[in-house]
Amino acid sequence: MIIEVELFGQLEPQLPRLQSIDVAKPSIVLDVTKILGLDLDNVGLITLNGIQCEELETLMPDSRLCFFPHMSGG
């Protein structure tokens, strides 16, 4: 199944910011992090279809998955 993935900030500068990837059905968010080589220690927030989620959330076809880095500043 095809899902859309968007990476924000400087999570993985060498990866495309926005991409469509083909994942097995069923898959969870953690499967996508492994495919992309994302280190979850660098991820501060994950959203699935605009709603905050965890790495064990199940993906559906045409899902939009976003990864955000930890916030900084003051």
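**View 1. Thr 47 sits in strand β3 of this predicted model.** Strand β3 covers residues 43-48, and Thr 47 is found in it. Is Thr 47 buried or exposed? With a relative accessibility of 11%, Thr 47 falls under the 20% cut-off, so it counts as buried. Leaving aside residues up to four places away in sequence, Thr 47 touches Gln 52, Cys 53, Arg 64, Leu 65, Cys 66 and Phe 68. Keep an eye on Arg 64 in that list, as we'll come back to it below.

**View 2. Thr 47 faces Gln 52 across the pairing of β3 and β4.** Here we stay with Thr 47 and look across to β4, where Gln 52 stands opposite. The strands β3 and β4 run antiparallel, and 2 bridges join them. Gln 52 also turns up among the residues that Thr 47 touches.

**View 3. Five strands line up in one open sheet.** Stepping back a little, what is the order of the strands? Reading across, you get β2-β1-β5-β3-β4, and the pairing is mixed. At the edges stand β2 and β4 (51-52); each has a single partner strand, so one side of each has no neighbour in the sheet. Helix α1, made of residues 29-36, packs on this sheet and touches β1, β2, β3 and β5. The direction of α1 makes about 65° with that of β5. As a general reminder, strands of a sheet pair through backbone hydrogen bonds, either parallel or antiparallel.

**View 4. Strand β1 pairs with β2 and with β5.** Strand β1 (residues 2-7) and strand β2 (residues 18-22) run antiparallel, with 5 bridges between them. In this pairing, Glu 4 stands opposite Ser 20 of β2. Strand β5 (residues 64-69) runs parallel to β1, and 4 bridges join the two. Here the residue to find is Val 5, which stands opposite Leu 65 in β5. Leu 65 is also one of the residues touched by Thr 47.

**View 5. Arg 64 and Glu 4 meet in a salt bridge.** Now back to Arg 64, as promised. How many salt bridges are there in the model? The count comes to 3. In one of them, the side chains of Arg 64 and Glu 4 meet at 3.0 Å, N to O. Arg 64 lies in β5 and Glu 4 in β1, so this pair ties together parts that are 60 residues apart in sequence. Arg 64 is partly exposed, at 35% relative accessible area, and Glu 4 is partly exposed too, at 29%.

**View 6. Glu 6 meets both Arg 17 and Arg 64.** The side chains of Arg 17 and Glu 6 form a salt bridge at 3.1 Å, N to O. Arg 17 belongs to the loop between β1 and β2, while Glu 6 is in β1, 11 residues apart. Glu 6 is buried, with just 7% relative accessible area. The side chain of Glu 6 also meets that of Arg 64 in a salt bridge, this time at 2.1 Å, N to O. With Arg 64 in β5 and Glu 6 in β1, the pair ties together parts 58 residues apart in sequence. Put the shared partners together, and Glu 4, Glu 6, Arg 17 and Arg 64 join into one network of salt bridges.

How values were computed
Residues are numbered from 1 along each chain as its sequence is written. This is a predicted model: local features need pLDDT of at least 70, side-chain atom pairs count only at pLDDT 80 or more; totals for chains, interfaces and linings use all residues. Side-chain values use heavy atoms; hydrogens and water are left out. Two strands pair if DSSP finds at least two bridges between them. Buried means under 20% relative accessible area, exposed over 50%, partly exposed in between (1.4 Å probe, protein chains only). Contact means heavy atoms within 4.5 Å. Axes are lines fitted to C-alpha atoms, for helices over the stretch in contact, and angles run from 0 to 180 degrees between N-to-C directions. A salt bridge is a side-chain nitrogen of Lys or Arg within 4 Å of a carboxyl oxygen of Asp or Glu.
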